[in-house]
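Here are some questions and answers on a pocket and on aromatic rings. Look at the model first.

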Amino acid sequence: MATAATHDTKDSKKINEADTFYVAESSRRRSRDRDNLYLEGYTGYDWGDKLSFTVGITYFTAFSVGALKGIVEGFPKRWNLPKKLILNNFFNAVGRNSTRFANASAAASLMYCLIGGGLNFLLEDELADLTQMQKNIVCGMVTGGLYKSTLGIRPFVVGTALGGGASFLLHNTIHYLNKNNYISFEMKF
């Protein structure tokens with residue numbers, strides 16, 4: 001009996017490493033491929049990659065816009081203040097605006113990706129007849145409405161219109177850049 005157990009362990013050691021299947025093998029391959037992930041190489045098929053790409057780009061862009069707004073606001077109206085107070089006011093304005101803009105837009109883009117995935121999963125047959133631009137506008141409208149839904153009816157309507165308009169502008173901008181070979185991905189959920 002003991003020899004049979006020893007014999008089984010010897011045979012199991014002879015298993016070729018290439019014949020084994022690793023659960024994380026596809027993620028290892030994707031992590032190697034991510035080293036070469038640039039704007040041109042983004043396909044948009046992997047939902048996690050799309051989420052991190054969308055939220056990351058949105059966060060960085062809004063952080064930059066907020067930092068510029070903070071730089072403009074941070075300049076003092078009177079220069080006769082102590083330099084320490086001027087610098088403190090300047091950095092407070094930059095930090096306050098940049099993080100506020102970045103966090104709000106990253107939350108909205110995260111909601112856009114989640115709502116787009118949910119709409120695609122739940123309403124796949126109903127959305128089959130729509131073009132990609134129409135799907136993006138619907139997703140943007142639902143996201144904008146939901147993002148502002150806790151503030152009342154009027155902000156809900158304004159958020160819906162702004163979400164649809166922003167999705168329309170973003171889709172057309174990406175389509176134009178794609179058509180002129182500046183980028184090579186599509187905006188889709």
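Q: How do the residues of the lining of the largest pocket divide into nonpolar, polar and charged?
A: This is a predicted model, where local features need pLDDT of at least 70, side-chain atom pairs count only at pLDDT 80 or more, and totals for chains, interfaces and linings use all residues. Residues are numbered from 1 along each chain as its sequence is written, and side-chain values use heavy atoms, with hydrogens and water left out. Ala, Val, Leu, Ile, Met, Phe, Trp, Tyr, Cys and Pro count as nonpolar, Asp, Glu, Lys and Arg as charged, and the others, Gly among them, as polar. The lining of the largest pocket then holds 23 nonpolar, 14 polar and four charged residues.

Q: Which residues does S105 touch, not counting residues up to four places away in sequence?
A: Contact means heavy atoms within 4.5 Å. With residues up to four places away in sequence left out, S105 touches T58 and A62.

Q: Why is the pair of F75 and W79 called stacked, edge-to-face or tilted?
A: Rings of Phe, Tyr and Trp (its six-membered ring) pair if their centres lie within 6.5 Å; planes under 30 degrees apart count as stacked, over 60 as edge-to-face and the rest as tilted. By this rule there are four aromatic pairs. The ring centres of F75 and W79 are 6.4 Å apart and the planes are at 45 degrees, so the pair is tilted.

Q: Which kind of pair do the rings of F90 and F91 form?
A: Their centres are 5.6 Å apart. Their planes are at 65 degrees, so the pair is edge-to-face.
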